[in-house]
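User: I would like a close look at a single part of this protein, namely one of its sheets and the helix that packs on it, followed outward into the surroundings. Please take it step by step and keep the residue numbers in view.

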Amino acid sequence: MEKENLTTAPIVEIRPHLAQQIERELGQNVYLCYQCVKCTSGCPMSDFFDWQPNQIMRALQLGQEDIALHSVTPWLCAACQTCTTRCPQGLDINGIMEFLTRQAMAQGIKPKVPEVAIFNRAFLRQLRIWGRLYEPGLMVEMKLSQPQSLFEDIGLYTRMLRKRKVGFFPKLVRPPRRPRPKSHSTQAIAYYPGCSLHSSAREFDQSARAVCKVLDLEIVEPEGWVCCGSSAAHRADPEAALKLPLQNFKLFEQGGFNEVTMPCAACYNRHQAALYEIRHHPQKRQAMENVLEYRFQDSVKVTTLVEAISIHAGKSKVAERTLKPLNGLRVACYYGCLMTRPPAVTGVAHVENPTEMESLLTAAGAEVIDWSYKTTCCGAAHSLTKPEIVWRLSSKLIVEAQKASAEALAVACPLCHTNLDARQFQMSLEKPLPVLYFTQLLGIAFGLSPAQVSLEKNLTDPFPLLRSKGLIG
């Protein structure tokens, strides 16, 4: 009887075409997945997906292209790298999701989340024209492509305009063909602010420079740097995702720098990812060296600003330069996704529980609280495409910080700050929570004025809290 059932059972044909293509292009063997479901269990976006990440992996194993290429899941992936970090088989699941969106487009399949495709196209167009992201140009193109959304987020844009957080005029940037080494000291660190710190996150730029000056940290911004490509290039144009950061490394090396620090977590992660690619894929390195007409020395270390201050100044110097200790101020530190994940790329030892920011703020006198959400995604990748997702993810972070008794949130990423600070008025919160860059808090502790750390640019007003603690006048 059993034999008869076996012979009459329908034959399932496994079509490995897509899996083989992933193996060729990404070097990822999807058949290593054994459905432990860790990717799905840790995914902050799982509530919004139609198929969970482990189900997409199973569909790829079985050759079910109709599921893999027609799902909203790859389009809504927030690129937070949690799945890639937690996969026990070391599979780059985030990279596979990005591949699926490109493959869907290549096959003429209509994007399941059109806003993401529009964002990627508009973002990359700005880079081709200007060399850096021109945020107003990006927003205008997105709105014109979706007239029905013309007045969405108008409240946010109005507030940003009032705070002068928008750079009205673009700046054309091209890397110098033959940059000359800067006349700086051997201790100088290259400073790569990224596009946001020249526009919507000027308060991070200003407070970072001011704090570094107090700590005798010499930072130098090289002329001619270009945008890192961010998530748009990684999802839509892998060649640009590698070429853009390498253009900057060429600039840093020719400038004579041994280290570059990057305040923006996304910029940091994308540059680290480019280094990882050329270190592990010699053919890609050779191809880029041919394109850029430069042989890379791989001599420049990339650090976050938190890391740079921790290494070169440390707790002792922060404590020494503190004039107004942040006594009595309960702060929760938030790192977000890309400062630590994935550890194979970033080299971070404690990927789920980094503590450098806590050490610096404790040295400045703050009461740093412990909480469980310091590396949970805020949804930054969808800030301009699916704000309703951002409201939900970011408001949960704020509520959890408040439950942990935090009076303020300290961040180190302009994208996280936009979601947690600027969009806070759109969330249904019982009470607001000031969100400050860690450099703004250090600056206040060092006795800098609110203007010197651009406190007035924060959209969630931090002045009442800081005045109540006697930290500002």
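**A parallel sheet and its helix**

Analyst: In this predicted model, four strands form an open sheet whose order is β6-β5-β7-β8, and the pairing is parallel. The edges of this sheet are β6 (367-368) and β8 (435-437), each of which pairs on one side only. Strand β5, made of residues 330-334, pairs with β6 in the parallel sense over 2 bridges, and Arg330 has Glu367 in β6 as its bridge partner.

Helix α22 (residues 414-422) packs on this sheet, where it touches β5, β7 (408-411) and β8, and the direction of α22 makes about 160° with that of β8. The helix is mostly covered, since 8 of its 9 residues are buried. These buried residues are Pro414, Cys416, His417, Thr418, Asn419, Leu420, Asp421 and Ala422. Besides the strands β5, β7 and β8, the buried residues of α22 pack against the helices α11 (154-162), α12 and α21 (387-403).

One route from α22 to another part of the chain passes through Ser196, which lies in the loop between β1 and α12 (202-214). Leaving aside neighbours within four places in sequence, Ser196 is in contact with Pro414 and Leu415, and also with Glu135, Ala201 and Arg202. Ser196 counts as buried because its relative accessibility is 13%, and the limit for that class is under 20%.

Strand β1, at one end of that loop, belongs to a second open sheet, in which 4 strands follow the order β2-β1-β3-β4 with parallel pairing. Here β2 (219-220) and β4 (301-304) stand at the edges with a single partner strand each, so one side of each has no neighbour in the sheet. Strand β1 (residues 189-191) runs parallel to β2 and is joined to it by 2 bridges, with Ile219 in β2 as the bridge partner of Ile189.

The aromatic side chains add a further layer to this picture, with 10 aromatic pairs in the structure. Phe119 and Phe123 form a tilted pair, 5.6 Å centre to centre with 50° between the planes. Both of these residues lie in helix α9 (residues 114-130), 4 residues apart, or about one turn of the helix, and Phe119 and Phe123 are both buried. The pair of Trp130 and Tyr134 is edge-to-face, because the ring planes stand at 70° while the centres are 6.2 Å apart. Trp130 counts as partly exposed at 24% relative accessibility, whereas Tyr134 is buried, with a relative accessible area of 17%; the limit of 20% lies between these two values, so the two residues are placed in separate classes.

Ring pairs also link Tyr192, Trp225, Phe249 and Phe252 into a cluster. The charged end of Arg132 sits over the ring of Trp225, a member of that cluster, at 3.5 Å from the ring centre. A further arrangement of this kind involves Arg159, which lies over the face of Phe425 at 3.7 Å from the ring centre.

To return to the part you asked about, α22 touches β5, β7 and β8 of its sheet, while Pro414 and Leu415 are in contact with Ser196 in the loop between β1 and α12.

Note on methods: Residues are numbered from 1 along each chain as its sequence is written. This is a predicted model: local features need pLDDT of at least 70, side-chain atom pairs count only at pLDDT 80 or more; totals for chains, interfaces and linings use all residues. Side-chain values use heavy atoms; hydrogens and water are left out. Two strands pair if DSSP finds at least two bridges between them. Contact means heavy atoms within 4.5 Å. Axes are lines fitted to C-alpha atoms, for helices over the stretch in contact, and angles run from 0 to 180 degrees between N-to-C directions. Rings of Phe, Tyr and Trp (its six-membered ring) pair if their centres lie within 6.5 Å; planes under 30 degrees apart count as stacked, over 60 as edge-to-face and the rest as tilted. Buried means under 20% relative accessible area, exposed over 50%, partly exposed in between (1.4 Å probe, protein chains only). A charge sits over a ring if NZ of Lys or CZ of Arg is within 6 Å of the ring centre and within 35 degrees of the ring normal.
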